[in-house]
Amino acid sequence: MTRAAWNSKELTVGQLAERSGVAVSALHFYEAKGLISSRRTAGNQRRYTRDTLRRVAFVRLAQRLGIPLKTIRDALSALPEERTPTRDDWARLSATWRAELDDRIEQLQRLRDDLTDCIGCGCLSLDRCVLANPYDRLGEEGPGARRMDTRICPPQGRCT
């Protein structure tokens, strides 16, 4: 690609894919989900502003953290259009995700600890298994088939 093409105000979908390292199909998906936007030329080709590169990087990082696309879209919608997200933007937006990430880490640690116990006993009993039926909550509903509750929470706590 020529230097002039890299410095242009707008990028084609191919240029955006090359610069961001994201497949064209993923960029189309991001656009369909409202994470990025483009304008259409007279020939109906997509053109992206250069700030889209930073937005794509933001989406990819947030996805790696396990943030759902809807949450990412809501965060990006709080930013002005055609402006590159800044460090302050990222700090503000990521701070709102901290509690969710902390909860997820706690759940994964409990899952890890309970999984070790489960493998040790080998029972996988629905009335005792901390993975399939934590604290036998479903057993209190009586005999017979029950829904599978995979959430793990303490007896007094509220499941998340």
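In which helix is Leu16 found? Leu16 is found in helix H2. That residue is a good way into this structure, which is a predicted model.

Start with the whole. The protein has six helices and three strands. Read from the N terminus, its elements run α-β-α-α-β-β-α-α-α. Of its 160 residues, 29% are buried. Take the contacts with a separation of 6 or more: 45% of them join residues 24 or more positions apart. The exposed surface of the protein is about 10500 Å². Carbon and sulfur atoms supply 53% of that surface.

Now back to Leu16. Its relative accessible area is 0%, so Leu16 counts as buried, the cut-off being under 20%. What surrounds Leu16, leaving aside its neighbours within four places in sequence? The contacts are Leu11, Gly21, Leu27, Ile36, Tyr48, Thr52 and Leu53. Leu53 deserves a second look. Leu16 and Leu53 are 37 residues apart along the chain. Their C-alpha atoms are separated by 6.8 Å.

Leu27, another of these contacts of Leu16, leads to helix H3. Two packed helices are described by the angle between their axes and the distance between the axes. Here the axes of H2 and H3 come within 9 Å. They cross at roughly 105°. H2 is therefore roughly perpendicular to H3. By class, five nonpolar and three polar residues make up this contact of H2 with H3, with no charged residues. Which residues meet? From H2 come Val13, Gly14, Leu16, Ala17 and Ser20. From H3 come Val24, Leu27 and His28.

H3 spans residues 24-32, and its buried residues are Leu27, Tyr30 and Glu31. Why do these buried residues line one face of H3? Seen down the helix axis, they fall within an arc of 100°, so they share one face. The other side of H3 has Ser25 and Ala32, both exposed. What do the buried residues of H3 pack against? Their partners are helix H2 (13-20), strand S3 (46-49) and helix H4 (51-64). Just after H3 comes Gly34, with a positive phi of about 80°.

Glu31 is the charged member of that buried set in H3. Is Glu31 buried or exposed? Its relative accessible area is 18%, which makes Glu31 buried, since the cut-off is under 20%. Set aside its neighbours within four places in sequence. Glu31 is then in contact with Ile36, Ser37, Ser38, Arg46 and Tyr48. Two of these names have come up before. Ile36 and Tyr48 are also among the contacts of Leu16.

Further along the chain, helix H5 covers residues 69-77. Which residues of H5 are buried? They are Ile72, Ala75 and Leu76. These three cover an arc of only 95° around the axis, which puts them on the same side of H5. Lys70 and Ser77 are exposed, on the face of H5 turned away from its buried side.

Put the pieces together. Leu16 of H2 is buried, and it meets H3 as part of the contact between the two helices. H3 has one face lined by its buried residues, with exposed Ser25 and Ala32 on the other side. In H5 the buried residues again lie on one side, with exposed Lys70 and Ser77 on the face turned away.

Terms used. Residues are numbered from 1 along each chain as its sequence is written. This is a predicted model: local features need pLDDT of at least 70, side-chain atom pairs count only at pLDDT 80 or more; totals for chains, interfaces and linings use all residues. Side-chain values use heavy atoms; hydrogens and water are left out. Buried means under 20% relative accessible area, exposed over 50%, partly exposed in between (1.4 Å probe, protein chains only). Helices (H or I, at least four residues) and strands (E, at least two) are DSSP runs, numbered from the N terminus. The arc is that of the directions from the helix axis to the C-beta atoms. Contact means heavy atoms within 4.5 Å. Accessible areas come from the Shrake-Rupley method with a 1.4 Å probe; for residues, only the protein chains shown count as cover. Axes are lines fitted to C-alpha atoms, for helices over the stretch in contact, and angles run from 0 to 180 degrees between N-to-C directions. Angles under 35 degrees count as roughly parallel, over 145 as roughly antiparallel, 65 to 115 as roughly perpendicular and the rest as oblique.
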